[in-house]
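This report describes how some elements of a fold are arranged, and then turns to the backbone at two loop positions. It is best read with the coordinates open beside the text.

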Amino acid sequence: MAVDEARQNCGGDDQERLETPVSHLITSLLVAPDIAPIFAEEYRALRPRAPMPPIQVRFRRFTSLNTTIRLREGQIFVSLSDLLEGAPEAVLHSIAHILLAKLYRKAIERTHQMRYKRFASSAAVTRQTELIRTARGSKRYFGPEGRYYHLEEVFDALNLRFFGGLLGRPDLTWSEHHARRLLGHYDAAHNTIVVSRVFDRPSSPRYAIEYLLYHEMLHLKHPVRMRGLRRCVHSREFKAEEARFPQLAEALAFIKRIS
Ligand SMILES: [Zn+2]
C-alpha cells in the first residue's frame, strides 16, 4: 500500500487519472487478458501510424472507480478498478479511449466521455461502489461518549427494556459531523452504529436519541432480507416492533423539526 501511495504522489507527466485518487486502496492485482485488445484498438484509432506499444492491463482492488495509465520505457501500463470488471465492452472502449487520449494529450471524444459518465453515475455502479467502500475502507470513529449522552449507557438501558438484555452490543459511535440527513445508521460491515451528533445536545430530549438507537437496534435484530431482487430493510415485523416505542410520535416530531 505504501509503495502505491508513494507512486501516486510523485506520478510524472505521463500519468493521468479518470478520477481523483482515494486514500484507501488495497493492492491486489489481477491480470485482465481480454481487455488489452480493447486498448490496442483504441490506440490504433487515436494514433493510426504510430507503432503499437506493448500494453498491459490489470484490475486492481480500489475502493472507487480510480483508474491509472502510465507510459514506462515504451510500454503502457493500465490499472483499472475491479469495479469495472463487469462493465459492458462499449464502456471499456470508452475508458480505453479516455485514458489513451489523456496520455497522448489528444481531445477526448464526446461520445466516449458521455458513455463513461453515464456508466459511472448509474445507480448500480454507485451502489456497488458504496458497498465495497463500506466493506473495505477504513473508517474513523469517534467513540460512544458524547458531551451529554453516552451511547453505551443508552444502548444498555434500551437493551434491558426492549430486548431482555439479549442483544449483543456493537461498536457505538457519535458521527464526526452534526449530520442532519443521515441521523443514524447501522454499518453491518464494521458492526457499528453511528449516531449523528445533532442528538448530543441539551435541547435534544432523551427519547429522541433513544428512539434513534432503538431503530438501529431493530436493524441488528432484523437483518436485511432479499425479497426477489428487492432489499427488504424495514420488514413488517420490524415496523410492528418499532411501533412499540412509547414516545414514537414525539420522537418523530422532534426529528422532523431538526432535519
Ligand atoms: Zn432503518
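Two strands are taken to pair if DSSP finds at least two bridges between them. In this predicted model, three strands form an open sheet on that basis, in the order 6-8-7 and with mixed pairing. The edges of the sheet are strand 6 (171–174) and strand 7 (184–187), each of which pairs on one side only. Neighbouring strands of this sheet are turned against each other by 15° on average, with direction ignored. Strand 7 and strand 8 (residues 192–195) run antiparallel and are joined by four bridges, and within strand 8 it is T192 that serves as the bridge partner of D187. Helix 7 packs on the sheet, where it touches strand 7 and strand 8, and the direction of helix 7 makes about 25° with that of strand 7.

Helix 7 also meets another helix. The axes of helix 6 (residues 151–163) and helix 7 (residues 206–221) come within 10 Å and cross at roughly 65°. Because angles of 65 to 115 degrees count as roughly perpendicular, helix 6 and helix 7 are described as roughly perpendicular to each other. Helix 6 passes helix 7 in a right-handed crossing. On the side of helix 6 the contact is made by V154, F155, L158 and F162, while helix 7 contributes I209, E210, L213, Y214 and M217. By residue class, the contact of helix 6 with helix 7 divides into eight nonpolar residues, no polar residue and one charged residue.

Two loop residues have a positive phi although neither is a glycine: E73, with a value near 45°, and R105, with a value of about 50°. E73 is placed in the loop between strand 4 (68–72) and strand 5 (75–81), whereas R105 lies in the loop between helix 3 (89–103) and helix 4 (110–121). Are these positions buried or exposed? A residue is called exposed if 12 or fewer other C-beta atoms lie within 10 Å of its own; E73 therefore counts as exposed, with 6 C-beta neighbours inside 10 Å, and R105 likewise counts as exposed, with 8 such neighbours inside 10 Å. The table sets out the two positions.

| Residue | Phi | C-beta neighbours inside 10 Å |
|---|---|---|
| E73 | near 45° | 6 C-beta neighbours |
| R105 | about 50° | 8 C-beta neighbours |

Definitions and conventions
Residues numbered from 1 in each chain as written. Predicted model: local features only at pLDDT ≥ 70, side-chain atom pairs only at ≥ 80, totals over all residues. Axes fitted to C-alpha atoms, helices over the stretch in contact; angles between N-to-C directions. Helix = DSSP H or I, 4+ residues; strand = E, 2+ residues; numbered from the N terminus. Parallel < 35°, antiparallel > 145°, perpendicular 65-115°, else oblique. Left-handed = near helix turned anticlockwise from the far one by under 90°. Contact = placed C-beta atoms within 7 Å. Nonpolar A, V, L, I, M, F, W, Y, C, P; charged D, E, K, R; others polar. Buried ≥ 20, exposed ≤ 12 C-beta atoms within 10 Å, placed from the backbone.
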